[in-house]
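Colleague: I am new to this one. Show me the structure, and let me ask why things are called what they are called.

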Amino acid sequence: MSVNGPHGEPTGARLLVVDDEPAMIRTLRTNLRGHNFQVETAENAAEAKASYDRRAPDLILLDLNLPDGDGFEVVRHIRERSGTPIIVLSARGGERDKVNALDLGADDYITKPFGIDELLARVRVALRHLARPKAGTERRIHSGELVADLERREVTVGDRAVHLTPTEYDLLKVFLTNPNKVLTDRMLLQQVWGPDYGDESHYLHVYVARLRRKIEDDPQEPRYLVTEPGVGYRFRSEEL
Amino acid sequence: MRRVVPYVAAIAAVAVTTMLIGLEASRAPLANVSMLYLVAVLIVAVAFGRPAAIVASLLAFLSFDWFFVPPTHQLVVANPEELFSLALFLLTAIVTGTLAARERARAQEAKQREREATLLYEAAFLMAEPDLERALAAVAEHLRGALDLDGLAIETDAEILPRPAIAARDEAARLALRGASSELRVLDPHRRGRRIRLIGPRQHSGGRVVRVLPISAAGARIGRMQILRRAGAAELGPSDERLLAIAAAQLGVTIERARFRKKALDTEVLRRADELKTELLHAVSHELRTPLASILASAGSLRQRDVVWTDRDRDEFAMSIQEEALRLDRVVGNLLDLSRIENGSFVPHKTWHDVGALVEDVAGRLRPVTTEHPVRLDVQEDLPPIELDYVEIQQVLSNLVENAAKFSPPGSEIAIRVGRDDGHVRFEVSDRGPGIPAADADRIFVPFVRLSRPGQSARGVGLGLAIAKRLVEAHDGAIWVDREVREGTRMVFTLPVRGDVR
């Protein structure tokens with residue numbers, strides 16, 4: 001099973017593709033099989049849930065727009081049972097839907113129409129997270145020049161020590177322990193400020209801007225803390 | 001003539017009283033005699049008012065003196081005591097007469113006010129009707145009847161009241177009012193923002209005087225009332241004038257309210273149109289982007305160099321590209337068709353065709369769409385040829401079959417039946433899908449209306465049936481949802497057998 005593919009990803013992983021467009025299903029199935037994945041497909045929410053229960057796939061590609069009910073129901077169903085990565089496929093303009101799906105526990109999203117390489121890259125990232133030790137258990141986190149020592153609460157960029165306020169540090173820690181994962185404003189607010197927060201996105205924007213000034217070479221063109229327009233932020237880790 | 005009546009009555013009352021007293025004079029004491037005269041004066045006062053009462057008092061005084069106070073038949077009074085009681089009598093007669101007359105006037109005024117209040121209350125009640133045209137017509141008729149006028153017209157901005165509300169006793173009165181209003185319309189073409197009219201209080205129309213009363217609201221003139229009195233009737237009394245003035249004020253409020261309501265409605269219509277446009281753009285872009293996503297993913301796959309695709313893989317990608325490109329073409333075609341039909345540049349090119357061949361042609365072409373459904377054709381043998389536009393009717397049938405395939409579960413049958421039906425050829429497309437709720441059976445032919453069921457998103461742009469309906473109607477046919485079907489949906493359309501039937 002853990003033969004590594006041409007890109008170093010574990011091959012033979014089982015994927016479940018859920019989409020109501022036959023042409024899209026056919027294309028994804030053919031392509032993913034060609035990339036050595038095992039592919040199951042489902043055309044509606046009921047089939048998707050049944051397939052998940054039966055086959056326990058390693059990753060789910062899920063279109064939110066399903067004929068017999070919404071894709072959110074599928075996200076909920078899976079999250080009640082496991083942390084299997086879910087990548088949501090959704091139409092452009094459906095920012096609300098993406099945020100909802102992510103808040104429900106989806107791991108990532110990709111906007112239709114998408115480039116097939118981009119999709120494969122996201123699939124690989126999500127699968128690699130599975131293979132790595134549980135994020136947050138490591139004491140030192142690297143990404144490019146950014147190094148964080150979680151035991152000593154120290155952050156350095158290159159050989160420069162970065163001084164962070166407690167809130168800034170907490171926020172950065174959430175990012176560092178969820179590398180390459182889209183985090184919605186709500187998730188970040190609740191993890192850093194507490195469960196009573198969720199709508200105060202402006203707090204978040206202020207702190208993200210401060211963090212960028214401290215850790216990014218060019219805060220206008222962030223290398224680590226990337227904005228996901230209309231959805232939230234993503235910490236782009238270079239250690240994969 | 002009417003003015004003399006009270007005085008005649010006063011004279012008559014005193015005369016009759018004098019005669020009655022004369023009959024009994026020998027027995028009755030003088031004091032009682034004077035009381036009888038007082039009664040007569042009171043009656044006159046109550047019945048005819050103050051002037052008549054004063055005349056009656058004077059006459060009674062003179063008659064009393066002349067006939068009953070000794071020496072009789074002279075105005076001279078012998079006893080100075082008699083003179084005193086006579087003077088007292090005159091004073092009492094005048095005072096009681098005046099008081100009684102005033103009471104009468106008060107009662108009359110109260111009655112008048114009550115009538116006004118009732119009239120205005122009724123008018124206000126009529127104005128509460130939400131349809132302004134009907135409300136004003138009812139009010140006009142009500143006021144006309146109450147004031148006994150020949151005609152009454154209410155006019156305001158043509159934008160909220162296209163025609164003046166006219167109440168008239170007869171055709172002549174109606175014409176006089178209408179004439180007056182058309183003369184005025186020339187003066188003021190009801191332009192927005194130019195509501196003040198410079199018109200005199202009277203207009204002459206057809207030889208009759210039409211009085212004009214402005215209707216104002218919040219200091220601006222927003223309309224007018226035209227009043228046509230009964231031919232030969234007296235001027236309106238102060239009470240009627242007051243009534244009209246209050247009615248005009250109430251009308252002002254009513255009209256202003258209607259104007260606000262219309263403004264709110266216009267805004268709402270604009271908002272809805274805007275919403276519809278947004279929804280349409282959303283639907284169209286989704287419908288265009290869905291096939292594009294598959295095309296891009298397939299094309300991207302073909303170009304990937306990290307995998308060596310088998311011929312079969314390549315074929316699958318190519319098939320996705322081809323199918324989805326055709327689908328895009330259909331969506332764009334439908335959009336173009338609708339715009340062509342909507343702007344009226346669509347004329348069917350009719351020639352004679354065999355219906356059976358057309359149906360088979362459609363079934364064949366749609367095979368890629370109906371792969372997941374068995375399709376049953378049931379075409380009557382001896383159908384006559386029909387004059388039709390082959391491309392257009394083929395599209396109608398295609399749209400129906402595509403819908404059936406799209407909305408019914410995979411594996412369920414789609415049936416196409418064609419048969420003769422009373423001078424028409426009847427086409428039926430049936431599926432075993434969820435069916436169409438009776439309430440939506442007509443709505444689905446409206447452009448961009450898509451049905452969504454609970455827990456299911458609406459799909460498609462909502463053009464197929466709208467186009468089908470217009471194409472069938474251009475062939476003098478009809479299209480509808482068969483409501484008698486219990487399971488699934490049956491769409492029916494008919495075309496006349498004789499192409500020249502209009």
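Modeller: P113(A) sits in the loop between β7 (108-112) and α5 (116-131) of chain A. Helices (H or I, at least four residues) and strands (E, at least two) are DSSP runs, numbered from the N terminus. This is a predicted model, where local features need pLDDT of at least 70, side-chain atom pairs count only at pLDDT 80 or more, and totals for chains, interfaces and linings use all residues. Residues are numbered from 1 along each chain as its sequence is written, chains are lettered from A and ligands numbered from 1 in the order in which they are written, and side-chain values use heavy atoms, with hydrogens and water left out.

Colleague: What kind of peptide bond joins K112(A) and P113(A)?

Modeller: A cis one, with omega at about -10°. Most peptide bonds are trans.

Colleague: What makes the phi of N180(A) worth a remark?

Modeller: Its sign: phi is near 65°, a positive value in a residue other than glycine. Most residues other than glycine have a negative phi. N180(A) lies in the loop between α6 and β12 of chain A.

Colleague: Which strands lie at the edges of the sheet with β12(A)?

Modeller: The order is β12-β14-β13 in chain A, an open sheet with antiparallel pairing. The edge strands are β12 (182-184) and β13 (225-228) of chain A, because each pairs on one side only.

Colleague: How do you know that β12(A) and β14(A) pair?

Modeller: Two strands pair if DSSP finds at least two bridges between them. Here 3 bridges join β12(A) to β14 (residues 232-235) of chain A, so the pair qualifies. One partnership is L183(A) with Y233(A). Helix α8 (residues 201-215) of chain A packs on this sheet, touching β13 and β14 of chain A. Contact means heavy atoms within 4.5 Å. The direction of α8(A) makes about 145° with that of β13(A). Axes are lines fitted to C-alpha atoms, for helices over the stretch in contact, and angles run from 0 to 180 degrees between N-to-C directions.

Colleague: What is the strand order in the sheet with β8(A)?

Modeller: It runs β8-β9-β10-β11 in chain A, again open and antiparallel. Its edges are β8 (140-143) and β11 (160-162) of chain A. Neighbouring strands are turned by 20° against each other on average, direction ignored. Between β8(A) and β9 (residues 146-149) of chain A there are 4 bridges. R140(A) has D149(A) as its bridge partner. Helix α6 (residues 166-177) of chain A packs on the sheet, touching β8, β9 and β10 (154-157) of chain A.

Colleague: Why is the link between E323(B) and R26(A) called a salt bridge?

Modeller: The term asks for a side-chain nitrogen of Lys or Arg within 4 Å of a carboxyl oxygen of Asp or Glu. In E323(B) and R26(A) the closest N and O atoms are 3.3 Å apart, so the pair meets the rule. Across the interface of chain B and chain A the rule finds 2 salt bridges.

Colleague: Which element gives the most to the side of chain B that touches chain A?

Modeller: α7(B), with 11 residues. The contact takes 27 residues from chain B and 24 residues from chain A.

Colleague: How much area is buried between chain B and chain A?

Modeller: About 2200 Å², of which carbon and sulfur atoms give 51%. Buried area is the accessible area (1.4 Å probe) that two parts lose on being put together, summed over both.
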